Amino acid sequence: MRKWITAALLCAVSWSLHAQEPYPELGAKLEEYFTALAGETAAVQSAECDYLIDSCQDSLVRQYVAIKIYDHYLRSQIMGDDAVAVHIADKWFLSGAVAMKTEEDLMNARIFAEFNRSSLIGADAPSLTLFAPDGSTVDVPASGGYSVLYFYDTGCSTCKLETARLKRLVEEAEYPLDIYAIYTGQDADAWKTWREGFEGVTHLWDPSLSSDWQRKYGILKTPGLFLVSPAGKILGRGLDTPALRILLNQQYSKGKYLYGETLQMERYRQLFSAYGDTLKVSHILDVADYLAARTFGEGDQDSFKQIAGDFLYYLSSRKEEVYKDACKPFIDRYIKALPEVWNTDEDKAQVVSLGEMLEDLTTRTPAGSVVPDLAVHGTLRRKPCLFRKGSKEGVFPLRRLKGNPAYILFYTGDCPYCRETLEAVDALVKKDRRVKVLVVDMDALFTDYPEEARLMLDTFDLSGMPFVLQLDRGGVVRHRYVKL
């Protein structure tokens, strides 16, 4: 498959030298190429991309291809792809082999590579000497066990959300784990207040920045979460706590079943992408039923466990409503109903516990239920007219949110898709005066009303943001995980 696409790409590159408008065709072929490479190691992907760039004879086409590849891996949400971006930056742009469009782009590439090459997946975790609250020094990461390095700032609202998740992981962890909570600021009083109630972790800081933690771990913003192996290798970076939990479950079950590998996730993605916008919960469950019949139904329990576990991990990775709605029936049918299959400690750690967490999250405020009788601080957005403004800030009872339709949007400042969702809100309310949108800034909520923020976390599935609910006139939930 990949060789065929490589050949087609080289033809596209050659043809592009003579075509009047080559780049749309070439860009489409490159997107196919990225899909075919998904699941390969960073080393394999880097070598393939080098070969492709080197095959471009025209300097402008080579520049286009190199920048397209660099941007793809720079923006990729797949853990480990940033290693390819660093490689492309070093080999092609910083070496001068290919010119970037502007000096500013080149400077940004240099900063990106400098602040990421030391902490890539598979690299030796850089050693840091940090300071405990009593002034003693501690070397991290520890050797001989799994270590989590959690970089945070007391002024970072998103860090409050991640800290709440991490506290829960600490309370529920059933395996040995060293967690280092590393304060990136310099306010000793704020740090002391933050540490209160955050137990089970080692609290550290480096107010003089003498350990060079910013460059070594690429911490240009917080939060930053890393997992390090007992051998001192970086296993995960750019994590959030749900991803950390999945990765830990995988590591502690090594040698038995390993779920959620990139190649298998890509296979499921390609399978369901064939349905396009027509995908329904029934389609997802039909596929699950077919796979179960061909494995468990024929007495092959080992293959069934691998396939069902991968299926569960795939559902957990998707943000669309149709996948979320498929979680509970899948878990009921193939996890909870088969305790004799999922009966080992490893099964319970990496499959059963994930299923319980997903079921808890996805059964909160389901479609068809009445929105909880709660009030929340936020901003009500609607189309302005002669008699009212377009926005109103205050405390809003959710059941009084009347619109045709009405939406509730939860967001944070650091999530990559929140900005475009807020822009979509602007377009929506300008277009239709019947629409109302209650916008809730979770960063501000954690800062000003922490109890209210925790209540929202317990009431709605805010494991991924933006999170959007659509309500009807009676306050009944029509849809969750809405994309505006």
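**Backbone turns, a helix with two sides, and paired charges**

Tyr-481 is found in the segment after β13, the strand formed by residues 477-479. In this predicted model, the phi angle of Tyr-481 is near 55 degrees, a positive value in a residue other than glycine. Tyr-481 counts as buried because its relative accessibility is 13%, and the cut-off for buried is under 20%. A second residue of this kind is Asp-212, with phi near 60 degrees, again a positive value in a residue other than glycine. Asp-212 sits in the loop that runs between β5 (202-205) and α9. Its relative accessibility is 30%, so Asp-212 is classed as partly exposed. Asp-212 will return below, where salt bridges are described.

The backbone also offers cis peptide bonds to look for. One of them links Thr-222 to Pro-223, and its omega angle is near 0 degrees. Pro-223 belongs to the loop between α9 and β6. Another cis bond leads from Met-465 to Pro-466, here with omega near 10 degrees. Pro-466 is placed in the loop that connects α18 (450-459) and β12 (467-471).

Helix α6 is a good place to see how a helix can have two sides. The helix spans residues 103-114, which makes 12 residues. From its first C-alpha to its last it reaches 16 Å, close to the 16 Å expected at 1.5 Å a residue. Which residues of α6 are buried? They are Leu-106, Ala-109, Phe-112 and Ala-113. These residues cover an arc of only 125 degrees around the axis, and therefore they lie on the same side of α6. The buried residues of α6 pack against two other helices, α4 (59-75) and α5 (82-93). On the face turned away from this buried side, α6 carries the exposed residues Glu-103 and Glu-104.

A nonpolar patch can be found on the surface as well. Met-107, Ile-111 and Leu-220 make this patch, which has an area of about 280 Å². Leu-220 comes from the loop between α9 (213-217) and β6 (224-228), the loop where Pro-223 is also placed. Leu-220 counts as exposed because its relative accessibility is 58%, and the cut-off for exposed is over 50%.

Charged side chains give the next part of the picture. Side chains of opposite charge can pair when their charged atoms come close. How many salt bridges does the structure hold? There are 26 of them, and three are described here as examples.

In the first example, the side chains of Lys-29 and Glu-32 meet, with a distance of 4.0 Å from N to O. Both residues lie in helix α2 (residues 23-37), where they are 3 residues apart, or about one turn of the helix. Lys-29 is partly exposed, with a relative accessible area of 21%. Glu-32 is likewise partly exposed, its relative accessible area being 35%.

A similar arrangement appears in helix α14 (residues 321-336), where Lys-336 and Asp-332 are 4 residues apart and so are separated by about one helical turn. Their side chains form a salt bridge of 3.7 Å, N to O. Lys-336 has a relative accessible area of 48% and is partly exposed. Asp-332, at 29% relative accessibility, also counts as partly exposed.

Salt bridges that share partners also join five residues into one network: Asp-90, Glu-114, Arg-117, Asp-212 and Arg-215. One of the residues in this network is Asp-212, whose positive phi was noted above.

Within the network, Arg-215 forms a salt bridge with Glu-114, and their closest N and O atoms are 3.9 Å apart. Arg-215 lies in helix α9 and Glu-114 in helix α6, so this pair ties together parts that are 101 residues apart in sequence. Arg-215 is partly exposed, with a relative accessible area of 27%. Glu-114 counts as partly exposed too, at 32% relative accessibility.

Terms used: Residues are numbered from 1 along each chain as its sequence is written. This is a predicted model: local features need pLDDT of at least 70, side-chain atom pairs count only at pLDDT 80 or more; totals for chains, interfaces and linings use all residues. Side-chain values use heavy atoms; hydrogens and water are left out. The expected span of a helix is 1.5 Å times one less than its number of residues. Buried means under 20% relative accessible area, exposed over 50%, partly exposed in between (1.4 Å probe, protein chains only). The arc is that of the directions from the helix axis to the C-beta atoms. Contact means heavy atoms within 4.5 Å. Patches are made of residues with over 30% relative accessible area and no salt bridge: like charges are joined within 9 Å, nonpolar side chains (Val, Leu, Ile, Met, Phe, Trp, Tyr) within 5 Å. Accessible areas come from the Shrake-Rupley method with a 1.4 Å probe; for residues, only the protein chains shown count as cover.
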